[in-house]
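Subject: Structure handover

Hello,

Here is the structure I said I would pass on. My notes on it follow below.

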Amino acid sequence: MEKYNLVEKVAGELNLTKKDATNVIDVVFKAVAEGLANGEIVKVNGFGTFVIKTKPERNGVNPKTKEHIIVPETRAVGFKPAEALKAKVKK
């Protein structure tokens with residue numbers, strides 16, 4: 001599913017124009033992204049929880065040169081689905 005599919009679904013369900021539905025979706029995604037960027041946990045009841053996971057600095061090897069390198073600490077988005085979403089997917 002792509003964004004335009006979501007726009008069509010939201011517009012149809014809420015009797016909105018596609019432009020208004022696009023604005024709603026953009027605001028929701030922006031709020032989630034800003035919350036995560038600020039280090040917040042974003043919980044959506046019945047859907048799941050978005051969190052930022054920090055992967056610590058670690059040793060690695062460059063596969064081309066076999067040189068030992070240090071891979072810097074990174075942050076990534078994690079998602080844990082809610083039980084309701086898990087049940088819906090298992091059907």
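N15 sits in the loop that connects helix 1 with helix 2. The model is a predicted one, and the backbone at N15 is worth a look. N15 comes just after helix 1 and has a positive phi of about 55 degrees, although N15 is not a glycine. Most residues other than glycine have a negative phi. With a relative accessible area of 72%, N15 counts as exposed, because the limit for that class is over 50%.

K66 is a second residue to check for the backbone. The phi of K66 is near 60 degrees, which is again a positive value in a residue other than glycine. K66 belongs to the loop between strand 3 (58-61) and strand 4 (68-71). K66 is exposed, its relative accessible area being 57%. The hairpin of strand 3 and strand 4 has 6 residues between the strands. Strand 3 and strand 4 run antiparallel and are joined by 4 bridges; one of the pairings puts V61 opposite H68 in strand 4.

Next, the helices. Helix 1 (residues 3-14) has 12 residues, which should span 16 Å at 1.5 Å a residue; the C-alpha atoms at its ends are 16 Å apart, so the two values agree. Two packed helices are described by the angle between their axes and the distance between the axes. For helix 1 and helix 2, the axes come within 8 Å and cross at roughly 115 degrees. The crossing is right-handed. Which residues make the contact? On the side of helix 1 they are K3, L6, V7, E8, V10 and A11, and these meet K18, A21, T22, I25, D26 and F29 in helix 2. An α-helix has 3.6 residues a turn, so residues three or four places apart point the same way. Within the helix 1 set, K3, L6 and V10 follow that kind of spacing.

Helix 2 (residues 18-37) also has a place against the strands. Helix 2 lies across strand 1, strand 2 and strand 5, and runs at about 35 degrees to strand 2.

Those strands make up a sheet. The sheet is open, has 3 strands in the order 1-2-5, and is paired antiparallel. Strand 1 (42-44) and strand 5 are at the edges; each has a single partner strand, so one side of each has no neighbour in the sheet. On average, neighbouring strands of this sheet are turned by 25 degrees against each other, direction ignored.

The pairings in that sheet are as follows.

- Strand 1 with strand 2: antiparallel, over 3 bridges. V42 has F50 in strand 2 as its bridge partner, and K43 has T49.
- The hairpin of strand 1 and strand 2: 3 residues between the strands, with G46 at a positive phi near 80 degrees.
- Strand 2 with strand 5: antiparallel, over 8 bridges. The bridge partner of V51 in strand 5 is G78.

The last topic is the aromatic side chains. How many aromatic pairs does the structure hold? There are 3 aromatic pairs. A pair of aromatic rings is described by the distance of the centres and the angle of the planes. F50 and F79 form a pair with 4.8 Å from centre to centre and 45 degrees between the planes, which makes the pair tilted, because planes under 30 degrees apart count as stacked and those over 60 as edge-to-face. This pair links distant parts of the chain: F50 is in strand 2 (residues 48-55) and F79 is in strand 5 (residues 74-81), 29 residues apart. F79 is partly exposed, at 36% relative accessibility.

F47 joins F50 and F79 in one aromatic cluster. F47 itself lies in the loop between strand 1 and strand 2. Is F47 buried, exposed or partly exposed? F47 is partly exposed, with a relative accessible area of 38%. Leaving out residues up to four places away in sequence, F47 touches F79, P81, A82 and L85. The C-alpha atoms of F47 and A76, by contrast, are separated by 19 Å, with their places 29 residues apart along the chain.

Regards

Conventions. Residues are numbered from 1 along each chain as its sequence is written. This is a predicted model: local features need pLDDT of at least 70, side-chain atom pairs count only at pLDDT 80 or more; totals for chains, interfaces and linings use all residues. Side-chain values use heavy atoms; hydrogens and water are left out. Rings of Phe, Tyr and Trp (its six-membered ring) pair if their centres lie within 6.5 Å; planes under 30 degrees apart count as stacked, over 60 as edge-to-face and the rest as tilted. Helices (H or I, at least four residues) and strands (E, at least two) are DSSP runs, numbered from the N terminus. Buried means under 20% relative accessible area, exposed over 50%, partly exposed in between (1.4 Å probe, protein chains only). The expected span of a helix is 1.5 Å times one less than its number of residues. Two strands pair if DSSP finds at least two bridges between them. Axes are lines fitted to C-alpha atoms, for helices over the stretch in contact, and angles run from 0 to 180 degrees between N-to-C directions. Contact means heavy atoms within 4.5 Å. A crossing is left-handed if the near helix is turned anticlockwise from the far one by less than a right angle, and right-handed if clockwise.
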